[in-house]
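The following exercises, each with a worked solution, are meant to be read beside the sequence and the coordinates. Please attempt each task before reading on.

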Amino acid sequence: MTPEVERLERLAERLRTVDPYIPPPGAKIRGWNLVLAAVEQSNTARSGVHPIRRLVLASVAAGVLLVAGAVAASADSLPDSIFYPLKGVLENTRGALTFGASDQLAYHLDLARTRLTEAQAMFARHRVDLADQALSGLDDQLNDAALVIQAEKQSDPAVGAAMENRLRQAIATHDAQLAGLQGQVTNPTALNAIMQARDRAAQALQTAARNGKGNGNPGTSPNGSGLGNGTANSPHPTPKH
Amino acid sequence: MRPLGKAASDDDRPLIERVRKGDQDAVRALYERYFDRIYNYVYARLGRAEDAEDLAIDTMTRGLTRLDLFQDQGVAFSSWIYRIAHNATIDHYRRHGKVSLVSLEHAPALESADPSELAVEQMSNEDLHAAIRDLTDEQQQVLILRFFQDLTAAQVASIMGKSVGAVQALQHRALGSLERALQGRAVN
């Protein structure tokens, strides 16, 4: 054995004689209480859920998150998005849960505004076909709004008249936007779709004005341009091709 | 030297099975078996009773509440609990800072101190502990586990994830470094 190894052996032996650090009793008791509490909590959390059930729960949670994500994504989706059909489903669900004439009117006006925004976006992307569909949707919503107003006028003419004014204001806003859009597009098909949408909006206002004349001014355009007098007096005649 | 108790390995398996079934007595038995050892290990590494207490409790809590992870490790429970303690120590160093150590492995011996004259038998335990804390992380680990915890080279190898031969070589180098560290202290 070399001197170095002998020295190191001696050192190792000396280390073996070092007294260990012993924890104070209080520390050990405190530790046990904490460990026991943690173990019991851990057992409670684990015992109630079987591994397979846990897997199923995790799958369901993942599914819910996926659906929630898709719903969130669909809320602002445009007609060229894969989430767009889901948006329609959500809108229909919302409609089915909307009660009362005033709320239904608000619902249809909201969707009309959404369709118009979609149409503008689709025109910007040169998707005239989808823009046309969106404008048809706008027309449907305005017609539905007009029917709601008609029905309300029969039960409460004053409220019906107020609702007609709301529709008139909304259509005036839409018409201004459509007029702006009309000045921007050059595609004849797009131009035609926009002008038809403006005509149909005017027709919807006439429908709302029928059976009531609640506001006493059914034939006047909201912006004084003649809107509301029907297609014959439309301020934006169908273009001649 | 006061014994720290038996460092179990295979003996732990029945206890662990009982712990998994929610047997509180088995939890207590494992706690009693390892708490002092872990406290001793952490204290030797850190040199502070308060920190050692917290880290020992934290180690035991993690070890006894995460037995599902232990099953996947493929090592003895004793090795696993020491690994947790080691990781807790490293985390503690990271959080509270530790002077980075320079290995004394290749440091020249001080001329004024003859190794053969180093009276290790007369050195205080505190001097030995303090000198050990001057060593590198691995050197500290091997000396504490081998000599303070009285574990075999095979057990230390399992804890450190090394071969037995590597542990023996590391132990030799660690003792050499410790000798030099003690010489330095003797001179100062």
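Helix H3 (residues 51–75) of chain A has the lowest mean pLDDT among the elements of that chain, 80, and helix H5 (residues 101–124) of chain A has the highest, 90; pLDDT is the predictor's confidence in each residue, on a scale from 0 to 100. This is a predicted model, in which local features need pLDDT of at least 70 and side-chain atom pairs count only at pLDDT 80 or more, whereas totals for chains, interfaces and linings use all residues. Residues are numbered from 1 along each chain as its sequence is written, and chains are lettered from A and ligands numbered from 1 in the order in which they are written.

**Exercise 1. Confidence in chain A**

Determine the mean pLDDT of chain A, and find where pLDDT stays under 50.

Step 1. Averaged over chain A, pLDDT is 81, and 85% of the residues reach 70 or more.

Step 2. Over residues 213–241 of chain A the value stays under 50, and for this stretch the model has 53 contacts beyond four places in sequence, two residues being in contact if their C-beta atoms, placed from the backbone, lie within 7 Å.

Step 3. Where pLDDT is low, the predicted coordinates should not be read in detail.

**Exercise 2. The make-up of each chain**

State the helices and strands of both chains, and then the share of buried residues and of contacts between residues at least 24 apart.

Step 1. Helices (H or I, at least four residues) and strands (E, at least two) are DSSP runs, numbered from the N terminus. Chain A has eight helices and zero strands, while chain B has nine helices and zero strands.

Step 2. A residue is buried if 20 or more other C-beta atoms lie within 10 Å of its own, exposed if 12 or fewer, and partly exposed in between, with C-beta atoms placed from the backbone. Of the 241 residues of chain A, 27% are buried, and of the 188 residues of chain B, 44% are buried.

Step 3. When contacts between residues at least 6 apart in sequence are considered, 65% of those in chain A join residues at least 24 apart, and the corresponding share in chain B is 71%.

**Exercise 3. Helix pairs**

For three helix pairs, give the angle, the distance between the axes, the orientation and the handedness.

Step 1. Two packed helices are described by the angle between their axes and the distance between the axes. Axes are lines fitted to C-alpha atoms, for helices over the stretch in contact, and angles run from 0 to 180 degrees between N-to-C directions. Angles under 35 degrees count as roughly parallel, over 145 as roughly antiparallel, 65 to 115 as roughly perpendicular and the rest as oblique. A crossing is left-handed if the near helix is turned anticlockwise from the far one by less than a right angle, and right-handed if clockwise.

Step 2. The axes of helix H6 (residues 128–155) and helix H7 (residues 157–184) of chain A come within 7 Å and cross at roughly 160 degrees, so H6(A) and H7(A) are roughly antiparallel. Their crossing is left-handed. Among the residues making the contact are Leu142(A) and Ile149(A) of H6(A), together with Met163(A) and Leu167(A) of H7(A).

Step 3. In chain B, the axes of H3(B) and helix H5 (residues 77–96) come within 9 Å and cross at roughly 135 degrees, and these two helices are therefore oblique to each other. H3(B) passes H5(B) in a right-handed crossing. The residues in contact include Leu55(B) and Arg62(B) of H3(B), and Trp80(B) and Ile84(B) of H5(B).

Step 4. H7(B) and helix H8 (residues 153–160) of chain B pack at about 140 degrees with their axes 10 Å apart, which makes H7(B) oblique to H8(B). This crossing is right-handed. Gln141(B), Val142(B), Leu145(B) and Arg146(B) of H7(B) meet Val156(B), Ile159(B) and Met160(B) of H8(B).

**Exercise 4. A loop residue and the interface**

Is Ala119(B) buried or exposed, and how many residues of each chain take part in the contact between chains A and B?

Step 1. Ala119(B) lies in the loop between H5 and H6 of chain B and is exposed, because 10 other C-beta atoms are within 10 Å. Its C-alpha atom is separated by 9.8 Å from that of Leu182(B), 63 residues away along the chain.

Step 2. At the interface, 34 residues of chain B are in contact with 27 residues of chain A. Helices H2 (24–46), H3 (49–65), H6 (125–132), H7 (137–148) and H9 (164–187) of chain B each supply at least two residues of the side that touches chain A.
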